[in-house]
Amino acid sequence: MLSGMKKSSTSARSTSRCRPRAAATSRKKPADELDSAGVSSPHPQSAMDTIPVSTGIRNGGNDREGDIRVRENGAAIVPSHQDLHRELRTTMPPMIRSALVCVFLLAAAASTVAQPDSGPKPLRVRALDMLHEALRSQGSYAILSRLVKHAPKRLSGSPGGAAAVEWAHQEMTTLGLENIRLEEVTVPRWVRGEICDIRAAAGGAEHVLAACALGGSVGTPKGGLEARVIEVKSFGQLRALREKAKGAIIFFNRPFDVTLRNTFMGYSRAVNQRSSGAVEAAKVGGIAAIVRSVTSAPDDAPHTGAMRYDDGIEKVPTAAISVVAANRLAALLARHGGEVSVRFRQDCATLPPVKSANVVGDIVGREKPEEIVLIGAHLDGWDLAQGAQDDGAGVSHCLEAARLILKSGRKPRRTVRVVLYANEENGLGGGRAYAAQHASELENHVLAIETDAGAGPPRSFGVSGGQKLVDALEHVSGLLRRYDLGQVVQGGGGADISTLRPAGVPLMGLRPADHRYFDVHHSAKDTIDRVHPRELALGAAALGMVALAVADAEKGLPRSPAR
Ligand SMILES: [Zn+2]
């Protein structure tokens, strides 16, 4: 029947203003097929899209797919009886015309049953709505803009951190989330101070090295430190120095391995110099540690990040220097036979802990409100810039995903909970507090998803829970693949939600394209102008689709054994 109608559409009497006819005879490629092919389709002004919808008609034993226009609420738009008669009158003999009209009306009725006005929309229709809304509105970029304007430097415990908590509460309220609350977290209070000055002296010349204090470090004595510098690339090499290291400033210079395809792998193989360099230096009698920035960018921006001290080991000051500065210092050491001294002065300090909060809000499930799909990101960020990628992007992903779910139709079966964590960067206090405060309901957490890997376009969602979990999420993978937004793969999670693992909660992490992330991570370059609105929107839409698909599924997910 549809082919007959398409034939009639070639009639010279056809008019483009007749929407039903044009819809039923549309020969353009369905919008979601265009999306799945990776070609951007402009959002239609009419808020309608042509999507393939089953007519329910059997033809030669096979279900037929017909292009039916769909309203924003998911209801199919079909030609009226009168429209059809008018159309066919021009081309068909009366008997054939009547038969075709009957068949068509049956088909229209079947389509309407599949897409009732008042009933639920199919998941893929809601997903497509969410994708288009995310790209059209660029709501995620608007959220990020408001965050970096209101709380550009929001290290936990700082005034900026408090401003971010207040902002997040207000955003959730505006969004229409339920049960919005601040859940108390005690956080460290570290202040950077005004000075981080590192200069290398060799051959009678002095070289200023671009540097920043590492988060949690003690300051130097007021007048600074001065000592010969020793370069190492591993803790093993440092320990082998034995007595030679005593009284020296230890320079950790193992580069970020940029040959690795996965930049997170490159990061993880270098970051122990930053986190443990001061402790390892102190163990061999070193008086300070300076660390090559853990970054993929070969430029002159120093990158900060957390470090830790161990009980019983002297606390020596530590700072990062830029990659350019590290290369310069290494070249000086090579040129001067290791006879290079460094002057190091910084005035950072740790003050007594303060109270902060995780900010939590729900879309309460319509059937199983006690079962929870958690989507989370960390609200805190380092103080050198806006934290637009780390983790402003994740915050905007979560809030926008919740907005998209609410806008796309009725509430899911289960509760979708947004958690914006405090203190991921320098303590993980928010993640620990959530796990402790919600211990009694963790058995009802169906899935926890974290987004803390930047604002790039989504590539995949990684899960920790084995192949069984990946298989159980095949319907989610299918949805993501349909719109070229990646798929569910093994291996993933996030720092904040890692505290839920002992309770057996399945964990998932959004993995955006990561090539640029560590160029800006924890540095003054992490600003909103490096975020692409469209890429950010795709991440939010993908997160919303995954959360909705899991929260609205009939069945839950396999859990890991609790530990
Ligand atoms: Zn982060």
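What follows is a friendly conversation about a predicted model of a protein chain with a zinc ion.

Colleague: Let's begin with the whole chain: what percentage of the residues in the protein chain is buried?
Modeller: This is a predicted model, so please read every value as computed from it. The protein chain holds 18 helices and 19 strands. Of its 563 residues, the buried share is 54%.

Colleague: And of the area that the protein chain exposes, what share do carbon and sulfur atoms supply?
Modeller: The exposed area of the protein chain comes to about 23,500 Å². The share of it supplied by carbon and sulfur atoms is 52%.

Colleague: Now the metal: which residues coordinate the zinc ion?
Modeller: The donor atoms sit at 1.9 to 2.7 Å from the zinc ion. In sequence the donor residues follow the spacing H-x11-D-x61-D. One histidine gives its NE2 atom, and D452 appears twice with OD atoms, so the donors listed belong to H378, D390 and D452.

Colleague: Is the arrangement of the four donor atoms around the zinc ion tetrahedral or irregular?
Modeller: A tetrahedral site would need all its angles between 85 and 135 degrees. Here the four donor atoms subtend angles of 52 to 147 degrees, which makes the arrangement irregular.

Colleague: How many residues apart in sequence are the parts that D390 and D452 tie together?
Modeller: D390 belongs to helix α13, whereas D452 is in the loop between β16 and β17, so the pair ties together parts separated by 62 residues in sequence. D390 and D452 are both buried. The separation asked for is 62 residues.

Colleague: Turning to the sheet with β4 in it, which strands are at its edges?
Modeller: This open sheet has eight strands with mixed pairing, in the order β4-β13-β15-β14-β16-β19-β17-β18. An edge strand pairs on one side only, and that holds for β4 and β18.

Colleague: How many bridges join β4 to β13?
Modeller: β4 and β13 run antiparallel. Within this part of the sheet, E178 stands opposite D362 in β13. The number of bridges joining β4 to β13 is eleven.

Colleague: α14 packs on that sheet, so what angle does its direction make with that of β4?
Modeller: Helix α14 touches β4, β13, β14, β15 and β16. Its buried residues are G429, G430, G431, A433, Y434 and A435, and their cover includes those five strands. The direction of α14 makes an angle with that of β4 of about 140 degrees.

Colleague: What is the order of the open sheet that contains β6 and β7?
Modeller: This sheet has eight strands and mixed pairing. Its edge strands are β6 and β7, each pairing on one side only, and the twist from one strand to the next averages 30 degrees. The order is β6-β5-β12-β8-β9-β10-β11-β7.

Colleague: Which residue in the hairpin of β5 and β6 takes a positive phi?
Modeller: β5 and β6 run antiparallel and are joined by five bridges, with L209 in β6 as the bridge partner of I198. Two residues lie between the strands of this hairpin. The residue with a positive phi, near 60 degrees, is G203.

Colleague: On the other edge, which residue in β11 is the bridge partner of A211?
Modeller: Three bridges join β7 to β11, and these strands run antiparallel. The partner of A211 in β11 is I321.

Colleague: Is S523 buried or exposed?
Modeller: S523 is found in the loop between α17 and α18. Leaving aside neighbours within four places in sequence, S523 is in contact with P302, H303, L384 and A385. Buried means under 20% relative accessible area. With a relative accessible area of 2%, S523 is buried.

Colleague: One last pair: how far apart in space, C-alpha to C-alpha, are A542 and F461?
Modeller: A542 lies in helix α18 and is buried, with a relative accessible area of 0%. Setting aside neighbours within four places in sequence, A542 is in contact with P458, F461, L480 and L485. A542 and F461 are 81 residues apart in sequence, and their C-alpha separation in space is 9.2 Å.

Note on methods. Residues are numbered from 1 along each chain as its sequence is written. This is a predicted model: local features need pLDDT of at least 70, side-chain atom pairs count only at pLDDT 80 or more; totals for chains, interfaces and linings use all residues. Side-chain values use heavy atoms; hydrogens and water are left out. Donors are N, O and S atoms within 2.8 Å of the metal (3.2 Å for Na, K and Ca); water is not among the atoms, so sites may look incomplete. Four donors count as tetrahedral if all angles lie between 85 and 135 degrees; four count as square planar and six as octahedral if opposite donors are over 155 degrees apart and all others between 65 and 115; anything else is irregular. Helices (H or I, at least four residues) and strands (E, at least two) are DSSP runs, numbered from the N terminus. Buried means under 20% relative accessible area, exposed over 50%, partly exposed in between (1.4 Å probe, protein chains only). Contact means heavy atoms within 4.5 Å. Accessible areas come from the Shrake-Rupley method with a 1.4 Å probe; for residues, only the protein chains shown count as cover. Two strands pair if DSSP finds at least two bridges between them. Axes are lines fitted to C-alpha atoms, for helices over the stretch in contact, and angles run from 0 to 180 degrees between N-to-C directions.
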